[in-house]
Structure formats: C-alpha cells, structure tokens
Amino acid sequence: ITISWNIKNANSATYKLSEVGSSKNANPISMSSSGSIKISDENVKAIQIVVGTKELLPQEFALGQNYPYPFNPTTRFNIALPQDAEVNVDVYDILGRKLASIVSGNLTAGNHSIEWNGKADLGYTVPSGIYFIKMTAKNQENKVFSFVRKATILK
C-alpha cells in the first residue's frame, strides 16, 4: 500500500503518521508539505495520523500488560513516560533470575511499544512458563518508578 499526502496551509499544525503493529518498531513519520510512504510490512494492522501542535503526554509512568496474553513466540507491551527518563525493562523467571534486558537507556517522554521475542540474553528461547517483566524509570529529579507485570508463554 502506498500513502501519499499534500499538506497546504497547515497553520503550524504538525502531522505524524504511525504504522500500528509494525514488526520493525518504526518511529512516527513527520508529514510536511508533500510526500509518500510505501507500507509493505504484513504485520501493520492500522495507520494512525496524529494532527496537532503538541503531542499529548501520559500523566504518569506506567507499564502496560503484555499482549497477546499468553504469548508464543513474541509479545508486546506499552510503557508510558510523562517525561524523559532513564528506563530499564528486564525479564525475570519465577525464581527471580534475570534472563533478558529488553530496554536499557534514556527514552523520550511519550508512549512506547516494546517487544520481547521470548529469548534470554544468552540467545536461547525460554521454555513455557511464567515470567515477570520489570520496568524501572528514573526521572530528571532522580525519583525512581518501578512496575512489574506477569507474562505467560505457552508453546
């Protein structure tokens, strides 16, 4: 599918196009004047166009429940950041052993979709079972926010 646009008289409004469900976890495309995009990723479920002068930010830090639940072989979950933060998202087994680090670093304020491929950092696919996704976020004032969600993998 190819989407083309020709924006006239935007009056300082911004336009951003996002591919919902993209397997490449692409950033939104800024739409200005004219342009086009070809979408060939079969995982894209919808196209979202956000129009505005300012992106709405989440009101609080949060880690959403993974989906699908249970999952096999990959799962996604959303994190909400009301401000830029240093974020770590890790996966632990039922015994509390850290298996994988999914995110480690600074993220900008906003909503982010994160994917876990069901693999440990050592490269092996984890077996069926219950796992815990832990997100910690440290804001600019060095206040730490921590969230844990249970994820089940079934094969």
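Q: How many bridges join strand β2 (residues 14-20) and β5?
A: This is a predicted model, in which local features need pLDDT of at least 70, side-chain atom pairs count only at pLDDT 80 or more, and totals for chains, interfaces and linings use all residues. Residues are numbered from 1 along each chain as its sequence is written, and side-chain values use heavy atoms, with hydrogens and water left out. Strands here are DSSP runs of E with at least two residues, helices are runs of H or I with at least four, and both are numbered from the N terminus; two strands pair if DSSP finds at least two bridges between them. In this antiparallel pair Ser18 stands opposite Gln48 in β5, and the number of bridges between β2 and β5 is seven.

Q: Which residue of β3 stands opposite Tyr15?
A: Strand β2 also pairs with strand β3 (residues 29-31), antiparallel and over three bridges. Opposite Tyr15 in β3 stands Met31.

Q: Which strands are the edge strands of the open sheet β6-β7-β10?
A: Three strands make up this open sheet, and their pairing is antiparallel. Strand β7 (residues 75-81) is joined to β10 by seven bridges, with His112 in β10 as the bridge partner of Ile79. An edge strand here pairs on one side only, and that describes β6 and β10.

Q: Which residue in the hairpin of β11 and β12 takes a positive phi?
A: The two strands pair in the antiparallel sense over 10 bridges, and Lys138 has Val144 in β12 as its bridge partner. Five residues lie between the strands, and the one with a positive phi near 65 degrees is Asn142.

Q: How many helices does the protein have alongside its strands?
A: Read along the sequence, the pattern is β-β-β-β-β-β-β-β-β-β-β-β. That comes to 12 strands, and the count of helices is zero.

Q: Is the aromatic pair of Phe61 and Phe145 stacked or edge-to-face?
A: Rings of Phe, Tyr and Trp (its six-membered ring) pair if their centres lie within 6.5 Å; planes under 30 degrees apart count as stacked, over 60 as edge-to-face and the rest as tilted. A search of the whole structure finds three aromatic pairs. For Phe61 and Phe145, the distance is 4.2 Å centre to centre and the planes are 20 degrees apart, so the pair is stacked.

Q: How many residues apart are Phe61 and Phe145?
A: Phe61 counts as buried because its relative accessibility is 5%, where buried means under 20% relative accessible area, exposed over 50% and partly exposed in between (1.4 Å probe, protein chains only). Phe61 sits in the loop between β5 (46-52) and β6 (62-63), while Phe145 belongs to strand β12 (residues 144-153). This pair links distant parts of the chain, and the separation is 84 residues.

Q: Which ring joins Trp116 and Tyr131 in a cluster?
A: Trp116 and Tyr131 form an edge-to-face pair, 6.0 Å centre to centre with 65 degrees between the planes. Trp116 lies in strand β10 (residues 110-116) and Tyr131 in strand β11 (residues 129-138), 15 residues apart. Trp116 is buried at a relative accessible area of 2%, and Tyr131 is buried at 6%. Ring pairs link these two into a cluster with Phe71.

Q: What share of the contacts with a separation of 6 or more comes from residues 24 or more positions apart?
A: Buried residues make up 32% of the 155 residues. A contact means heavy atoms within 4.5 Å. Among contacts with a separation of 6 or more, the share from residues 24 or more positions apart is 56%.
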